[in-house]
Amino acid sequence: MVPRISDKNLRPVAEKVMAGERLAFDDGVALYRSPDLLGVGYLANHVREKLNGNETYFNVNRHINPTDVCVAACKLCAFGKQKRNPSAYTMSHEQVWHTAGLGYSEAVSEFHIVGGLHPELDLEWYCRMFRGLKERFPAVHLKALTMVEVGYLSRRENISVRETLERLKQSGVDSMPGGGAEIFSERVRRIICDHKIDGDEWIETARTAHRIGLKSNATMLYGHIETEEDRIDHLIRLRALQDDTGGFQTYIPLAFHPENTPMRHMPMTSGFQDIKAIAVARLMLDNFPHVKAYWIMMTPKIAQVAQRFGADDIDGTVVEEKIYHDAGAQTAQSLRRGQLLRLIERAGREPVERDTLYRRVSRDEAAFTVLA
Ligand code: V47
């Protein structure tokens, strides 16, 4: 008998979790359906503390979105714009390099670089941008381009995904973010993002990235028209790939923000759903080392509470966020390092500053050192 589980439907799931057994599809659906948030959270916290003790990771990063021009026109997105839209933008390389340097006094250890699918920017344009960033900021890790952008570039260039990834890696890309996964269900994908690569292509692109030595993250977009079954199917597909490659570092659930999107009539997710998404992921993704709470999307307060419901990471200083703010996010655009530290400490966790590969960093005021 496992204590603190009031929902009797969860008791068999709880027994499995406490015995360290892998959860099945039906277990995941039961966790999502259960109103017993404290029970689910208790189990997720148990797994989180077994894996990561009392530590909460954070990093000092900067987001850069070189262009919002996008051919995809996804219903879920308020960021992408057609090229002829007068408010669309595309940075020059010089603007990207200049933007990268803004706020550098906090000694950013990661640039998170993603953008739209621009019909006129070729692979070499991206490679030159990355080479220029590496020349100017050699110590900064480049976490860049989603599987979707890589898929688009490989089609545009008429070369394989592997060759595309290899050229990006040679130009300085160190790892890849988890965006663009949305939800793998074909039924839902056809409605919310029908011009993107499909779920299998996302998985196969990630597999190739991992095989050539690029670590990546994974995300899931929830809180739109997907079902609980769709969410668990998505998590199980990620778990299967992770069994194969071990290339995922962290999983980040992303709550759908409807404002300014074609699905603006939909309600925002609740705090209950956001915490549940963290906790269920921690329980299903038994082979993922980390689960990250993205405060931009879930607010700093919920991201803090999430540290007791399965998350062991908070992203990040961010500095300048566009994708969620175009979709109506009311959160700030950045947090200072000190604010993140306080947020974590007040959740009773021990803050650990990390680089993108989860190595500890130590720092003085203006610089950081990666510890072995
Ligand atoms: O790819 C787009 C999603 C992603 C909306 O890997 C939307 O460390 C909600 O991937 N409402 C970008 N979501 C964010 C992302 C991310 C964030 C933080 C860390 C990491 C990481 C990755 O946001 C997009 C898409 O999946 N998105 N529009 C929207 N209206």
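**A buried histidine, a ligand site and the core of a predicted model**

His 224 is buried, with a relative accessible area of 8%, where buried stands for under 20% relative accessible area, exposed for over 50% and partly exposed for what lies in between (1.4 Å probe, protein chains only). The structure is a predicted model, in which local features need pLDDT of at least 70 and side-chain atom pairs count only at pLDDT 80 or more, while totals for chains, interfaces and linings use all residues. Residues are numbered from 1 along each chain as its sequence is written, and side-chain values use heavy atoms, with hydrogens and water left out.

His 224 sits in the loop between β6 (215-222) and α10 (228-245); helices (H or I, at least four residues) and strands (E, at least two) are DSSP runs, numbered from the N terminus. If residues up to four places away in sequence are not counted, His 224 touches Ile 183, Val 188, Ile 192, Phe 256, Met 263 and Met 266, a contact being heavy atoms within 4.5 Å. One of these partners, Val 188, is 36 residues apart from His 224 in sequence and 9.3 Å apart in space, C-alpha to C-alpha. The side chain of His 224 also reaches the backbone oxygen of Leu 221 at 2.8 Å, which is a polar contact, that is, a pair of N or O atoms within 3.5 Å; within protein, one must be able to donate a hydrogen and the other to accept it, and residues adjacent in sequence count only if both atoms are side-chain atoms.

A second histidine, His 325, lies in helix α13 (residues 323-326) and counts as buried at 18% relative accessibility. Its side chain reaches the backbone oxygen of Thr 331 at 2.7 Å, and Thr 331 is also among the residues that His 325 touches, together with Ile 296, Ala 332 and Gln 333, not counting residues up to four places away in sequence.

Helix α4 (residues 93-101) shows how burial can be distributed around a helix axis. Its buried residues are His 93, Val 96, Trp 97, Thr 99 and Ala 100. They cover an arc of only 160° around the axis, which puts them on the same side of α4; the arc is that of the directions from the helix axis to the C-beta atoms. An α-helix has 3.6 residues a turn, so residues three or four places apart point the same way. On the other side of α4, Glu 94 and His 98 are exposed, whereas the cover over the buried residues of α4 includes β2 (61-64), β3 (110-113) and α5 (123-136).

The largest nonpolar core has 108 residues, and those with the most contacts inside it are Phe 111, Phe 130, Leu 133, Trp 202 and Leu 238; such a core is a set of buried Ala, Val, Leu, Ile, Met, Phe, Trp, Tyr and Cys residues joined through side-chain atoms within 4.5 Å. The largest share of this core, 8 residues, comes from helix α11 (residues 271-284). Leaving aside neighbours within four places in sequence, Phe 111 is in contact with residues including Ile 64, Ala 100, Leu 133 and Lys 143.

Lys 143 leads to the ligand. Of the 24 residues around the ligand, Leu 76, Lys 143, Gly 178, Glu 182 and His 257 come nearest, a residue being near a molecule or strand if one of its heavy atoms lies within 4 Å of it. A backbone N or O atom of Gly 178 lies 2.7 Å from an oxygen atom of the ligand, a backbone N or O atom of His 257 lies 2.8 Å from a nitrogen atom of the ligand, and a polar side-chain atom of Lys 292 lies 2.9 Å from an oxygen atom of the ligand. Taken alone the ligand exposes 620 Å², of which the protein buries 95%; accessible areas come from the Shrake-Rupley method with a 1.4 Å probe, and for residues only the protein chains shown count as cover.

Some backbone details remain. Most residues other than glycine have a negative phi, and most peptide bonds are trans. Leu 145, however, has a positive phi of about 70° although it is not a glycine; Leu 145 lies in the loop between β4 (141-144) and α6 (147-157) and is buried at 1% relative accessibility. Asn 260 likewise has a positive phi, of about 65°, but is partly exposed, with a relative accessible area of 46%. The peptide bond from Asp 315 to Gly 316 is cis, with omega near 5°.
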